[in-house]
Amino acid sequence: MISAQSMLNVEVAFHKAIRANLVREESDFCTIAPIEPDAPGTLQGHKLLLITISSFVFRVIVIFRIIDNPVTRAYYLTVNSPQTLDEVFAEVANMCGGRLNRELSVQFAHLAMSTPYALNSECMAFLDGLRPEYVARYGVTINDSVQLQATLCMCCSRPIEIAASTAAADEVDAGAGELELF
Amino acid sequence: MNADTDVDNASSASKRAALVRKTESVTQAVADIKTLAVAFERWHEDLILMTAQSRGLNEMGEDLSRIARQMIMVSINAAIEAARAGDIARGFVVVAAEVKTQAQNVQTLSGDIGKTLHQGELLTAATFQDIQAGGKMLMAAISGLELMVRQLRSELGEGTDP
């Protein structure tokens, strides 16, 4: 239902969203590499955050997995912040999902995004139950220290084609930033 | 000539009146559809409850698994003590072995229940989010339709309030 080129185009848009939003500073170094699924029962202490971008004929489920350890906390939490890692990362993930949503909105008029939702990490083993058209799993490393995972899961009800990302989303992105400031 | 103009004017006024009536019907239909938001809120609340229940069941399953593990330890210790006691406790060795078997069965069942609950939790959350996003999508489409109707009413010289 979705061509290899379309999958690649979604993945490129996803990588763009990750690089733009999962880092705290623009100068932070972010690497993204494909990974294999983890064996069930090996995800103790990990947290999942789910975001869905829906259209009438497809949905993109984005799953972020973070490890609540001192390295992750030191990176995402500011000193004396009253917010927890869960709260801060939900905002970060929301921005990342929002960016992907805007990228896809350039091509699909009717598209909307859910709010983030935290899940037990063991749920990750049952992604096939959502009958995805394809799943792409990535390990994300920031500044060679912070490790997290980002999974893209695409479910289609009808055949779709997704074109390569354009600069239009960047323009919308810049506009959205200004709106938030004012 | 005047008679023709009168007929044209009457026809035009009649068409306009029909258009206004249709626009009013569409305005009412859009207003009715907008109450879908109430249904979305209801589904949202129900799904939050379902997810909370699923989490509660998961915690109960983990408790059950913990109890089963303790029962296995107790049965092993009982078997050791019975072996020390010799022939007099032979029957107790059998009982301890049976307790251990049953505890292991409970542990397996608890693991299977946990897997099913995790699967359900993911499905529920994904469906919940799809409905939530779908609701936003639908409301945006309805708002677009509402705007078009307002523009049409404005062009017809009607008020813009629905």
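Modeller: Let's start with a term: buried means under 20% relative accessible area, exposed means over 50%, and partly exposed is in between (1.4 Å probe, protein chains only). This is a predicted model, where local features need pLDDT of at least 70 and side-chain atom pairs count only at pLDDT 80 or more, while totals for chains, interfaces and linings use all residues. Residues are numbered from 1 along each chain as its sequence is written, and side-chain values use heavy atoms, with hydrogens and water left out.

Biologist: Okay, so why is A:Glu103 called buried?

Modeller: A:Glu103 has a relative accessible area of 3%, and the cut-off is under 20%, so the word fits.

Biologist: And what makes A:Lys16 partly exposed?

Modeller: A:Lys16 comes out at 27% relative accessibility, so it belongs in the class between 20% and 50%.

Biologist: Why is the pair A:Lys16 and A:Glu103 called a salt bridge?

Modeller: The term asks for a side-chain nitrogen of Lys or Arg within 4 Å of a carboxyl oxygen of Asp or Glu. Here the closest N and O atoms are 3.3 Å apart, so the pair passes. A:Lys16 sits in helix α1 and A:Glu103 in helix α3 of chain A, so the pair ties together parts 87 residues apart in sequence.

Biologist: What makes A:Arg59 and B:Asp130 a salt bridge?

Modeller: Their closest N and O atoms are 3.8 Å apart, so that pair passes too. The count between chain B and chain A is one salt bridge.

Biologist: How do you know that the chains are in contact?

Modeller: Contact means heavy atoms within 4.5 Å, and 21 residues of chain B are in contact with 25 residues of chain A.

How values were computed: Chains are lettered from A and ligands numbered from 1 in the order in which they are written. Helices (H or I, at least four residues) and strands (E, at least two) are DSSP runs, numbered from the N terminus.
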